[in-house]
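I opened my notebook to keep track of what I look up here. Come along and check each entry against the picture.

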Amino acid sequence: MKINRIDHVGVIVNDLSAVKAFFLDFGLEVKGEWEMEGDLMGYAVGLNDVKVACVGLGTPEGQTWIELIKFYSPSDEKDVQQPFANTLGIRHIAFAVEDIDAVVAKLKTKGNDIFSEIQQYEESYKLCYVRGPEGIILELAEKIK
């Protein structure tokens, strides 16, 4: 048995347009958009009466794929939860970036919450955490050359 790679990360969102705009501003590109519904979709995710809209986003080189998913039905009755960095479960998506200072400055101009200033980890990385719409946390990492 061999695992080749992570195929994609699915992010369930409420405001698909706002989250899509956040990732486009960040520098990802739309790789596909589609809607799905019906019994097969419901069976696959273990829910009934499923209808979703999806946006696939990736890096320009195509090595990273994020799938934004908006459930029209059934909806999550709890609405959007704002997790902390230490909330149990999958909590952030890490991106290797070039020129972290420019990336963070760009995200600040868009009003995103930069909840840690850029920090240097030993002599290897510069790191920063950013919170986007709906509590999505990105870790930005620039390898020090």
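**Entry 1: terms before strands.** I start with a definition: two strands pair if DSSP finds at least two bridges between them. I also remind myself that this is a predicted model.

**Entry 2: strand S8 and its partners.** I looked up which strands pair with S8, residues 125-131. Strand S6, residues 113-114, is joined to S8 by two bridges, and the two run antiparallel. I checked one of the residues involved: Asp113 has Arg131 in S8 as its bridge partner.

Next I turned to strand S7, residues 119-121, which pairs with S8 in the antiparallel sense over three bridges. Here Gln120 has Lys126 of S8 as its bridge partner. S7 and S8 make a hairpin with three residues between them. In that turn I found Glu122, with a positive phi of about 45°.

Then came strand S9, residues 137-143, also antiparallel to S8 and joined to S8 by seven bridges. Lys126 turned up again, with Glu142 in S9 as its bridge partner. Arg131 came back too: its bridge partner in S9 is Ile137. So that I can find my way again, I note two links for Lys126, to Gln120 in S7 and to Glu142 in S9. For Arg131, I note Asp113 and Ile137.

**Entry 3: the turn from S8 to S9.** How many residues lie between the strands in the hairpin of S8 and S9? I found five, and Glu134 takes a positive phi there, near 60°. Glu134 sits in the loop between S8 and S9. Is Glu134 buried or exposed? Its relative accessible area is 19%, and the cut-off for buried is under 20%, so Glu134 counts as buried.

For context, most residues other than glycine have a negative phi. I therefore looked at one more positive value, that of Asp99, with phi near 60°. Asp99 is in the loop between S5 and H3. With 42% relative accessible area, Asp99 is partly exposed, whereas Glu134 is buried.

**Entry 4: strand S9 from the other side.** I asked what else pairs with S9, and found S5, in the parallel sense, over four bridges. Ala94 stands opposite Glu139 in S9. How many of the seven residues of S9 are buried? I found six, so S9 is largely enclosed by the rest of the structure.

**Entry 5: Asn112.** Asn112 lies in the loop between helix H3, residues 100-109, and S6. At 16% relative accessibility, Asn112 is buried. I looked for a polar partner: a polar atom of the Asn112 side chain lies 3.1 Å from the backbone oxygen of Leu107. Setting aside neighbours within four places in sequence, I listed the contacts of Asn112 as Phe22, Leu107, Val130, Arg131, Gly132 and Pro133. Arg131 is a residue I had met in the strand entry, as the partner of Asp113.

**Entry 6: aromatic pairs.** Phe22 was on that contact list, and my next search was for aromatic rings. The structure holds two aromatic pairs. Phe22 and Phe23 form an edge-to-face pair, 5.1 Å centre to centre with 70° between the planes. Phe22 is buried at 3% relative accessible area, and Phe23 is buried at 0%.

Phe26 and Phe95 also form an edge-to-face pair, at 4.9 Å centre to centre and 65° between the planes. Where do Phe26 and Phe95 lie in the chain? Phe26 is in helix H1, residues 16-26, and Phe95 is in strand S5, residues 93-96. They are 69 residues apart, and the pair links distant parts of the chain. Both Phe26 and Phe95 are buried.

**Entry 7: a pocket by S5.** My last stop was the second largest pocket, which holds about 330 Å³ of space. I counted 13 lining residues, and those nearest its centre are Leu28, Thr59, Phe95, Ala96 and Val97. Which strand gives the most to this lining? S5 does, with three residues. I closed the page on Phe95, written down once for its ring pair with Phe26 and once for its place near the pocket centre.

Methods: Residues numbered from 1 in each chain as written. Predicted model: local features only at pLDDT ≥ 70, side-chain atom pairs only at ≥ 80, totals over all residues. Heavy atoms only, no water. Buried < 20%, exposed > 50% of the residue type's maximum accessible area, 1.4 Å probe, protein only. Polar contact = N/O pair within 3.5 Å; in protein donor to acceptor, adjacent residues only side chain to side chain. Contact = heavy atoms within 4.5 Å. Phe/Tyr/Trp six-rings, centres within 6.5 Å; stacked < 30°, edge-to-face > 60°. 1 Å grid on protein atoms, 1.4 Å probe; cavity = no way out; pocket = protein on both sides within 12 Å on 5 of 7 lines; lining within 4 Å. Points joined across faces, edges and corners; volume = space filled by probe spheres on them.
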